Structures are given as C-alpha cells and as structure tokens.
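Biologist: I am new to reading protein structures, and I would like to learn by asking about particular places in one. Could we look at it together?

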Amino acid sequence: MFLPEVINIVGRDIKTLSIFTIIGLVCWGFIMWYESRKDGFRTERFFDLIFLSLGSGAIVFFLLRYIYDWATVYSPSHLILRLDKELLLVVLSFVFSLLPVLIFSKKWKWSTFRILDIYAQSYGLLLLFISAGAFLVSGQKEYIIFVSLLLSLYVSVLKFRGYKFSSGFIFSMFLFFLAVVGFIFFRRNGYLLYYPLLFIIGVVNLYLRGNKYMVKGNFPNQFVQNIKRKLLKKDAELAETQQELVYEDPYLQVDRSIGNSEFMDEAQEDMGKNITDAQIGFVEGLRLQVKKALAAINIGKYGTCEVCGNKIDTARLKVYPEATNCVECATDISQENQAKGN
Ligand SMILES: [Zn+2]
C-alpha cells in the first residue's frame, strides 16, 4: 500500500517483506551480541549458540514449508492445510530455535533464563521490523497496532531491565504479550494451537525461575554495596591494565618503521604480539567475570549460583567477590575444562 510488494534491485525482483526481514535479522544478531557481551557471556560461544538456533529454526521453517507446499499440490485434503501457513511457520520455527538454548546452556553452565531474556529482546526487534514491513506493504491496521504495542513494551523493557525485572521475566512477558495480542488481532486458522502454546511456555518459564530463585535479596544491602564498590574498583584496575597492554602492543609502537624492518625485528614483533594478545585476552576474561557479578547485583541475583540456583557461600564471596557460581559448580566447570584440555 505504502510500498510495493516487490522491489526491483539491480535487475532482481525482491519481496519488500524479505528486505525488512533481513534488516530485522541484522538487528537480531546485533542485540544478541550486544546484550550477551554486557552480561559477560563469552561472545564466540554465544555466537555458536545463536547459529545453532538459527539453524534449528530454519530447518523447521523450511521443512514445514515444504510439507505445506507438498500438501497443497498432492494432498489437498491434508490436515496441515487447515492451518494458516505464516502463523504455522513463524511460531513453530521460533519455538524450535529455543531448543539449542535449553540444551547448550545446561552443557556450558550458563543461566538459561538470562539467555532466554536476550532472545526475547532480539526476537522482539525482529518481529518489529517484519510487522512494520507487513504494514507498509499491506496497509492492514492490525500490523501498525501490533508494532506500536511491541514498541512500547520494548521501551519499557529497556528502561526497567536490570533492576525491576529479574532475569527470566522478560522472556515470559514477551510470550504473554504475543499470545494476548495475537489472540486479539491475528486470529488466523489454527490460532488456538499456537497462542496457548506460547502462553504455556511463558508460564513454565516463570514457574521454573520462581523455583530456582526463591531466595531474593540474600544479603544485607550494605554487604552488597561493599561488594559492588570492590567490583567497580577491580573493573577500573583491569581496564587500566588492558589499556597499558594495548599501548605495549608492538604493532602499535609509533617508532615502528613500516615495511622496511629487518626480518629478525619482525619475528620478534610477531612473538611480542602473540604474548600481548594472550595477556589482553586473559584480562578481558577477568573483566567479563567482574561485569557478570555486577550484572547479578543489578538484577538482585547476586550470591545465587547461576547454574544450580543455590546460595553461594559468603566466605567464597568475600575472597572472590566476582563469583557467580557456587564452589561445587565451579569445580565441575574447571574439571570439565581440564578434561577438554583448555
Ligand atoms: Zn551451583
């Protein structure tokens, strides 16, 4: 309506909606990266995870689409044809893209709830772009209502995230939102299958989270504030060390004569570079752990093991304030890492 359904780009007809989807996916990836970094997840591993999610979502998407198209041609009375194609593809591929999170967060001892929250934030943005595109192409007012509601939810999440909403909450809220808004505005064929499904997943998530993190405000405020000060100081020190290492980086030395240095000089430089890189990586790892503990303080989960949900020993927190898991789980992780040889 506002935009044509198909746009011709360098001689190829491309669906306008696909362009919006691609932009949405770029934002999706960006939010994943940005939020996971902020929460101290290891970026490379987090990217492994989102590629797995993308993969399992895509497999389900294309498989269902294939079955649907096949049924349309060869089996016109097939049950699947009574369902709305778009809703079927979108909802089920979304649900299946969550599967790797459940599997790998357990394996890597990551907080499933926090990851699901990050997923909710990035999927929210993806949906925002797709719906905006759908509105601009079709002109249907349901889409613009959906976009504005989603946008206001998004803004309030960004505003309150970290102190009002504890982890696990955003994901459930997102699912409830989709279920309710979908039920009101998008009653496509088969909707009674999907919206209750989203609703149930949201409830299960809240239930599991509630069970795991019954303990709230484990410590007196003063203790936590004290820890927070320590952590902030440590973070600043590490930042300084990192900065110094960067200045030491032989590739960045100002007097480096580009191009005409002797072979030996270059070999030495390369060696120095490797050592500095390893040191920078190490310091970065320490900083991430400190950031993770600070994030835990901000969401009121400090002192709760992110793996098993038990309380972390106060003695442990005093010596190692950036701890985000209990001694037992930390031992498990380091043993696993040793077994893997890293
Ligand atoms: Zn534990």
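Biologist: Leaving aside its neighbours within four places in sequence, which residues is Phe177 in contact with?

Modeller: First, a word on what we are viewing: residues are numbered from 1 along each chain as its sequence is written, and side-chain values use heavy atoms, with hydrogens and water left out. This is a predicted model, so to speak of local features we need pLDDT of at least 70, while side-chain atom pairs count only at pLDDT 80 or more, and totals for chains, interfaces and linings use all residues. Contact means heavy atoms within 4.5 Å. Once neighbours within four places are set aside, the partners of Phe177 are Phe146, Leu149, Leu150, Leu153 and Gly182.

Biologist: Does Phe177 count as buried or exposed?

Modeller: Phe177 sits in helix H7; helices (H or I, at least four residues) and strands (E, at least two) are DSSP runs, numbered from the N terminus. Buried means under 20% relative accessible area and exposed over 50%, with partly exposed in between (1.4 Å probe, protein chains only). Because its relative accessibility is 13%, Phe177 counts as buried.

Biologist: Which residues of H6 are buried?

Modeller: You have met some of them already, since Phe146, Leu150 and Leu153 are among the contacts of Phe177. On the other side of H6, Lys141 and Lys159 are exposed. The buried residues of H6 are Tyr143, Phe146, Val147, Leu150, Leu153, Tyr154 and Val157.

Biologist: Seen down the axis of H6, within what arc do its buried residues fall?

Modeller: The arc is that of the directions from the helix axis to the C-beta atoms. The buried residues of H6 line one face of the helix, because they fall within an arc of 135°.

Biologist: Which helices do the buried residues of H6 pack against?

Modeller: H7, the helix that holds Phe177, is one of these partners. The complete set for the buried residues of H6 is H1, H3, H5 and H7.

Biologist: Which element gives the most to the largest nonpolar core?

Modeller: A nonpolar core is a set of buried Ala, Val, Leu, Ile, Met, Phe, Trp, Tyr and Cys residues joined through side-chain atoms within 4.5 Å. The largest has 56 residues, and those with the most contacts inside it include Phe46, Phe94, Ile115 and Phe174. Elements that give two or more residues to this core include H1 (16-38), H2 (43-74), H5 (112-138) and H8 (191-212). With eleven residues, the element that gives the most is H5.

Biologist: How many residues are in the second, separate core?

Modeller: Its members include Phe223, Leu245, Leu294 and Cys305. The number of residues in this second core is 22.

Biologist: How far apart are the end C-alpha atoms of H3?

Modeller: The expected span of a helix is 1.5 Å times one less than its number of residues. The 13 residues of H3 should therefore span 18 Å, which agrees with the model, where the end C-alpha atoms are separated by 18 Å.

Biologist: Which residue caps the N-terminal end of H3?

Modeller: Look for a side-chain oxygen that lies 3.4 Å from the backbone nitrogen of Glu86. The residue that provides this oxygen is Asp84.

Biologist: Which residues does Arg65 touch, not counting those up to four places away in sequence?

Modeller: Arg65 lies in H2, and it counts as partly exposed because its relative accessibility is 33%. Its C-alpha atom is 9.0 Å from that of Leu88, 23 residues apart along the chain. The residues it touches are Lys85 and Leu89.

Biologist: Which side chain makes a polar contact with the side chain of Gln289?

Modeller: Gln289 has its place in H10 (residues 263-298). A polar contact is a pair of N or O atoms within 3.5 Å; within protein, one must be able to donate a hydrogen and the other to accept it, and residues adjacent in sequence count only if both atoms are side-chain atoms. At 3.0 Å, the partner is the side chain of Thr324.

Biologist: Which residue of E2 stands opposite Ile7?

Modeller: Two strands pair if DSSP finds at least two bridges between them. Here four bridges join E1 (residues 6-9) to E2 (residues 12-15), and the strands run antiparallel. They form a hairpin with two residues between them, where Val10 in the turn has a positive phi of about 35°. Opposite Ile7 stands Ile14.
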